[in-house]
Amino acid sequence: MARQEGYSGLQIGLHWTVAVLIAAAFLTHEDMGRALRNRLESGEDTTPLHVWLGIGALVFIAIRIVVRAFHGAPPPPAGQPRWADRAALWGHRALYLLMIAAPLLGIGAWYGGLRTSGEVHEVVGEALVILAAAHAVVALLHAVVKRDGVLTRMFRPQV
């Protein structure tokens with residue numbers, strides 16, 4: 001994977017698009033259990049907004065992974081302890097895993113009629129939101145406390 005000093009405009013746009021889609025999916029998940037039961041029992045063919053948001057997130061996440069493979073990612077900030085670099089690496093890996101698993105499990109539940117997939121989807125989705133919130137808090141700490149430019153990289157494209 002290539003190394004660069006910052007993210008491209010495309011990478012930044014994909015990051016925020018995925019973040020908005022995940023937040024919107026989380027905010028629209030409330031009645032999905034009932035909607036899935038209705039679908040399984042009556043064969044109802046209406047697809048709720050939550051499903052479309054999850055599918056959209058999965059598509060943009062896939063694009064994001066491909067773009068990252070070609071463009072790479074910036075190195076960790078200089079002078080950071082090794083444990084912090086490793087925590088960032090594994091935190092990002094966990095985010096990607098959850099961002100892929102949550103929509104796939106949801107698709108399994110909605111289109112495959114797999115109830116267990118829906119139950120696991122709910123737990124994975126909640127874990128994703130918690131980890132994404134922690135990710136945002138750490139980014140804010142980098143901006144406010146450390147002032148090392150980490151958060152700026154996700155707003156200002158590398159030229």
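## Close-up views of a five-helix model

**Figure 1. Overall fold of the predicted model.** Of the contacts in the protein with a separation of 6 or more, 80% join residues 24 or more positions apart; contact means heavy atoms within 4.5 Å. The protein has five helices and zero strands, and its elements run α-α-α-α-α from the N terminus. Helices (H or I, at least four residues) and strands (E, at least two) are DSSP runs, numbered from the N terminus. The C-alpha trace spans about 60 × 25 × 25 Å along its principal axes. Of the 159 residues, 33% count as buried. Buried means under 20% relative accessible area, exposed over 50%, and partly exposed in between (1.4 Å probe, protein chains only). The protein exposes about 9800 Å², with carbon and sulfur atoms supplying 68% of that area. Accessible areas come from the Shrake-Rupley method with a 1.4 Å probe; for residues, only the protein chains shown count as cover.

Residues are numbered from 1 along each chain as its sequence is written, and side-chain values use heavy atoms, with hydrogens and water left out. In this predicted model, local features need pLDDT of at least 70 and side-chain atom pairs count only at pLDDT 80 or more, while totals for chains, interfaces and linings use all residues.

**Figure 2. Surroundings of Arg39 in helix 2.** Helix 2 covers residues 32–42. Arg39 counts as buried because its relative accessibility is 16%. Arg39 has no salt bridge. The nearest side chain of opposite charge, Asp45, is 4.1 Å away; Lys and Arg count as positive and Asp and Glu as negative, with His and the chain ends not counted. A salt bridge is a side-chain nitrogen of Lys or Arg within 4 Å of a carboxyl oxygen of Asp or Glu. The Arg39 side chain does reach backbone oxygens: that of Trp110 at 2.8 Å and that of Glu44 at 3.3 Å. Leaving aside neighbours within four places in sequence, Arg39 is in contact with Glu44, Asp45, Trp110 and Tyr111. Arg39 and Trp110 are 71 residues apart along the chain, yet their C-alpha atoms are separated by 8.2 Å.

**Figure 3. The salt bridge between Arg34 and Asp31.** A search of the whole structure finds one salt bridge. In the pair shown, the closest N and O atoms are 3.1 Å apart. Arg34 is partly exposed, at 48% relative accessible area. Asp31 is also partly exposed, at 44%.

**Figure 4. A nonpolar surface patch with Val144.** Val137, Leu141, Val144 and Val145 make a patch of about 370 Å². Patches are made of residues with over 30% relative accessible area and no salt bridge: like charges are joined within 9 Å, nonpolar side chains (Val, Leu, Ile, Met, Phe, Trp, Tyr) within 5 Å. Val144 sits in helix 5, which covers residues 115–146. Val144 is exposed, with a relative accessible area of 55%.

**Figure 5. Backbone at Arg147, after helix 5.** Arg147 lies in the segment that follows helix 5. Its phi is near 50°, a positive value in a residue other than glycine. Most residues other than glycine have a negative phi. Arg147 counts as exposed because its relative accessibility is 67%.

Notes:
A polar contact is a pair of N or O atoms within 3.5 Å; within protein, one must be able to donate a hydrogen and the other to accept it, and residues adjacent in sequence count only if both atoms are side-chain atoms.
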